[in-house]
Amino acid sequence: MKNAMREYVGKNVDLDKLTDLVLDFFREEGFRTQHSKHPKGTLIQARKGGVFRALLAMDRSFTVIIEGIPSNFKVKIGVGKWLQDLGAAAIESFFISPLVAFVEVPEALWSYEIEHHLWHYIETQIDLGIQ
């Protein structure tokens, strides 16, 4: 998975509530999360913790970007480097050149099942009307 994007037009969704729902999804799946708002959108990162991952220096995380306005927005899901500091300068790369910010990760390390469940969850919440 490099990155997947879906665009939503005419849905009129509260993007802050959508951010909270995505964070809740990852936390319920046992992920450690962090997020930051940026003038161009919101960056969410989620990764599994543990000693084994720390020893192998696995600094990869699921990365979700929500950008746009309530009636016309995009959601991007991919794998990116876990950022230690989510300051504006650190997340700028995700909004300026997202193809560089996302990284290739072998299938064995990242489950497409999580991505599939996350997309289904997001679509369901949008269809239910997050306002």
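How many Å² does the chain expose, and what share of it do carbon and sulfur atoms supply?

## Surface and burial

The exposed surface of the chain comes to about 7,100 Å², and 55% of it is supplied by carbon and sulfur atoms. The model is predicted. Of the 131 residues in the chain, 44% are buried.

## Fold outline

The chain contains 5 helices and 5 strands. From start to end of the sequence, these elements follow the pattern β-α-β-β-α-β-β-α-α-α.

Contacts between residues with a separation of 6 or more were also sorted by distance along the sequence. Residues 24 or more positions apart account for 63% of these contacts.

## The largest nonpolar core

The largest nonpolar core has 24 residues. Within this core, the residues with the most contacts are L18, F26, V64, V75 and I122. At least two core residues come from each of α1 (15-28), β3 (41-47), β4 (60-69), β5 (72-81) and α5 (112-128). Helix α1 gives the most, with 7 residues. In soluble globular proteins, nonpolar side chains tend to be buried together.

L18 shows which parts of the sequence meet here. Neighbours within four places in sequence aside, L18 is in contact with V13, I66, F73, V75, I122 and I130. Two of these partners, V75 and I122, are also listed with L18 among the residues with the most contacts inside the core.

## K74 in strand β5

K74 is located in strand β5. Is K74 buried, partly exposed or exposed? K74 counts as partly exposed because its relative accessible area is 30%, which falls between the 20% limit for buried and the 50% limit for exposed.

Residues up to four places away in sequence are again not counted for the contacts of K74. The residues that K74 touches are M5, R6, E7, I65, I66 and E67. For one of them, E7, the C-alpha atom is separated from that of K74 by 4.3 Å, although K74 and E7 are 67 residues apart along the chain. I66 is a contact of K74 and also a contact of L18.

## N12 in the loop before α1

Where is N12 found? N12 belongs to the loop between β1 (3-9) and α1. The phi angle of N12 is near 50°, a positive value in a residue other than glycine. With 45% relative accessibility, N12 counts as partly exposed, because this value lies between the 20% and 50% limits.

Technical notes. Residues numbered from 1 in each chain as written. Predicted model: local features only at pLDDT ≥ 70, side-chain atom pairs only at ≥ 80, totals over all residues. Heavy atoms only, no water. Core = buried A, V, L, I, M, F, W, Y, C linked by side-chain atoms within 4.5 Å. Buried < 20%, exposed > 50% of the residue type's maximum accessible area, 1.4 Å probe, protein only. Helix = DSSP H or I, 4+ residues; strand = E, 2+ residues; numbered from the N terminus. Contact = heavy atoms within 4.5 Å. Areas by Shrake-Rupley, 256 points an atom, 1.4 Å probe, with all protein chains shown as cover.
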